[in-house]
Amino acid sequence: MAAYEPVREARRAGATARAPQDPRMTADVILELVDAEEPPLRLFLGAYPYPVVTAAYRKRLETWEAWRTLSTRA
């Protein structure tokens with residue numbers, strides 16, 4: 001679907017920049033997360049997900065904003 005093209009583009013861009021992390025570093029992050037007083041419901045691990053998610057949510061926010069006037073009338 002054309003609607004997902006920005007996500008695919010971001011994913012392709014992120015895939016070329018993605019490098020494997022040291023598993024020990026990931027384990028340390030997970031242990032820190034588990035010990036957090038108020039951990040987030042979800043957490044991205046590594047830098048790769050950020051451009052993908054940023055592009056997807058930017059598009060969602062643009063769509064919601066474009067239709068805001070109509071939606072707030074409900």
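Reader: Which residues line the largest pocket?
Author: Happy to show you around this predicted model. The largest pocket has a volume of about 160 Å³. Its lining is made up of A3, Y4, V7, A56, K59, R60 and T63.

Reader: Which helix gives the largest share of the lining of the largest pocket?
Author: Look along residues 49–66 in the structure above. Four residues of the lining come from that stretch, and no other element has a larger share. The helix you want is α3.

Reader: What pattern does the chain follow when read along the sequence?
Author: Good thing to check next! The chain has four helices and zero strands. Read from start to end, the pattern is therefore written with helix symbols alone, given how helices and strands are assigned as DSSP runs: α-α-α-α.

Reader: What radius of gyration does the chain have?
Author: Start with the box around the C-alpha atoms, which is roughly 50 × 35 × 15 Å along the principal axes. A compact globule of 74 residues would come out near 11 Å. The chain itself has a radius of gyration of 17 Å.

Reader: What percentage of the 74 residues are buried?
Author: A residue counts as buried when its relative accessible area is under 20%. The accessible surface of the chain comes to about 6,700 Å², with 60% of that belonging to carbon and sulfur atoms. Of the 74 residues, the buried ones make up 9%.

Reader: How far apart are the mean positions of the positive and negative charges?
Author: The chain carries 11 positive and 10 negative charges. Taking the mean position of each group, the distance between the two is 13 Å.

Terms used: Residues are numbered from 1 along each chain as its sequence is written. This is a predicted model: local features need pLDDT of at least 70, side-chain atom pairs count only at pLDDT 80 or more; totals for chains, interfaces and linings use all residues. Side-chain values use heavy atoms; hydrogens and water are left out. Helices (H or I, at least four residues) and strands (E, at least two) are DSSP runs, numbered from the N terminus. The radius of gyration is taken over C-alpha atoms; the globule rule is 2.2 Å times the number of residues to the power 0.38. Buried means under 20% relative accessible area, exposed over 50%, partly exposed in between (1.4 Å probe, protein chains only). Accessible areas come from the Shrake-Rupley method with a 1.4 Å probe; for residues, only the protein chains shown count as cover. Lys and Arg count as positive and Asp and Glu as negative; His and the chain ends are not counted. The place of a charge is taken as NZ of Lys, CZ of Arg, CG of Asp or CD of Glu. On a 1 Å grid over the protein atoms alone, a cavity is a set of points where a 1.4 Å probe fits but cannot get out, and a pocket is an open set with protein on both sides within 12 Å along at least five of seven lines; lining residues have an atom within 4 Å of a point. Grid points are joined across faces, edges and corners, and a volume is the space filled by probe spheres set on the points.
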